Amino acid sequence: MSQLMTALSKNHEVRIYITNTTEVVERARELHDLSPVSCAAFGRVLTGALIMGMMSKIEKEKVTLQIKGDGEIKHIVAVADIHGHVKGYLSNPLAETHVNDLGKLDVGKAIGKNGEVIVLRDWGLTDPFVGRSELVSGEIAEDLAAFFAKSEQMPSAVGLGEQLDPTGFVKHAGGFIVQLLPEASEETITQLEANLNGVDSVTRMFEQGMDIHMIANQLFAGLGLEELEMYDVSYTCDCHEDKMKQALMSIGKSELETIMAEDGQAELICHFCNHKYLFDKAALEEMIATLSKDLIEIEE
Ligand code: ZN
């Protein structure tokens, strides 16, 4: 099971969220049949969204993280809750894979450097909070760090990554967000900066056999680590037949009648998990009958 840990420095001046999302990203790769670079980009957004979901204090809040860029992938959406569930979709699952000068999958090129990060926090009662910032590099981690600095006035260091094996399977995926709390001292900031500059990428540390506890300890060297909570995290889609039926009925009676006349059935595919829902003639007739009844009631 993939896990996420939250912790504070001993002096309570710095907070860390760190997660190993190898299974989450591998599940996403399977469900969406991703090319290597699409998998890398999507994996980073899913991991970022998972962490942002865990930052929420409000029980029912959902966080939607969107990345829009002018590269081949164009648009990635990830939705996370505070229970460690994440799901998402992307407009191009099969973006062409290029390798950058460092020999890594070129996520920046696939996302593009012009575009924006959009974050929606929705707790179902009032209008959702919407925060935005411009893309910095399209590499996702830097873009999220800029988002936290600009939109949330929260200085943060973000590390996100994944490593695929030559056949395209996800070998390692994960990331962290480190946040300076308002009372952080100069000494703490200096120590933290030195630590962040000195560490390898998260996936390389996983490759060396380190787990999230060990990595968090290394990132907080000299500051001490106070572990707070540990959560299971997973790629989970909450779609079900009733929800899809409601979506289909929302297009209206005459549209449904057209579908029935032309195709005799309707197939809906969930964007988040690609599960197919088939509604046959009898199901469509029932929906049309329900909508007709509703119309009569409204007229009365
Ligand atoms: Zn689904």
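Does His-12, at 35% relative accessibility, count as buried, partly exposed or exposed? Keep that question in mind while the whole model comes into view, and select His-12 once the overview is done.

**The whole chain**

What is on screen is a predicted model, and a cartoon view is a good place to begin. The secondary structure of the chain comes to ten helices and twelve strands, and its C-alpha trace spans about 70 × 45 × 35 Å along the principal axes. If you colour by accessibility, keep in mind that 50% of the 300 residues count as buried. Contacts can be drawn as well: among those between residues at least 6 apart in sequence, 64% join residues at least 24 apart.

**Two loop residues with positive phi**

Now select His-12, which is found in the loop between strand 1 (2-9) and strand 2 (14-20). His-12 counts as partly exposed because its relative accessibility of 35% falls between the 20% and 50% cut-offs. Its backbone deserves a look too, since most residues other than glycine have a negative phi. His-12, although not a glycine, has a positive phi of about 60°.

Move on to Lys-74, in the loop between strand 3 (62-69) and strand 4 (75-80). Lys-74 also has a positive phi, of about 70°, and is not a glycine. At 53% relative accessibility, Lys-74 counts as exposed, because the cut-off for that class is over 50%.

**Helix 2**

Next, select residues 36-54, which make up helix 2 and number 19. From its first C-alpha to its last, helix 2 reaches 27 Å, close to the 27 Å expected at 1.5 Å a residue. With the surroundings displayed, helix 2 is seen to be mostly covered, as 18 of its 19 residues are buried.

**From Pro-36 to Thr-167**

Keep Pro-36 selected and add Thr-167, which is 131 residues away along the chain, although the two C-alpha atoms are separated by 9.3 Å. Thr-167 lies in the loop between strand 8 and strand 9 (170-180), and with a relative accessible area of 62% it is exposed. Show side chains here to find the polar contact of 2.8 Å that joins Thr-167 and Asp-165.

**The largest pocket**

Turn now to the largest pocket, whose volume is about 770 Å³. The lining has 28 residues, and the closest to the centre of the pocket are Arg-44, Lys-104, Leu-160, Gly-161 and Ser-201, so these five make a useful selection for centring the view. To see which elements surround the pocket, colour helix 4 (141-151), strand 8 (156-164), helix 5 (186-198) and helix 6 (202-207), the elements that give two or more residues to its lining. Strand 8 gives the most, with eight residues. Colouring the lining by class shows 13 nonpolar, eight polar and seven charged residues.

**Ser-137, the last stop**

Finish at Ser-137, in the loop between strand 7 (129-134) and helix 4. Is this residue, Ser-137, buried or exposed? Ser-137 has a relative accessible area of 10% and is therefore buried, the cut-off being under 20%. The side chain of Ser-137 reaches the backbone nitrogen of Glu-139 at 3.1 Å. Leaving aside residues up to four places away in sequence, Ser-137 touches Gly-108, Gly-112, Lys-113, Glu-142 and Asp-143, and displaying these together with Ser-137 completes the tour.

Methods. Residues numbered from 1 in each chain as written. Predicted model: local features only at pLDDT ≥ 70, side-chain atom pairs only at ≥ 80, totals over all residues. Heavy atoms only, no water. 1 Å grid on protein atoms, 1.4 Å probe; cavity = no way out; pocket = protein on both sides within 12 Å on 5 of 7 lines; lining within 4 Å. Points joined across faces, edges and corners; volume = space filled by probe spheres on them. Helix = DSSP H or I, 4+ residues; strand = E, 2+ residues; numbered from the N terminus. Nonpolar A, V, L, I, M, F, W, Y, C, P; charged D, E, K, R; others polar. Expected span 1.5 Å × (residues − 1). Buried < 20%, exposed > 50% of the residue type's maximum accessible area, 1.4 Å probe, protein only. Polar contact = N/O pair within 3.5 Å; in protein donor to acceptor, adjacent residues only side chain to side chain. Contact = heavy atoms within 4.5 Å.
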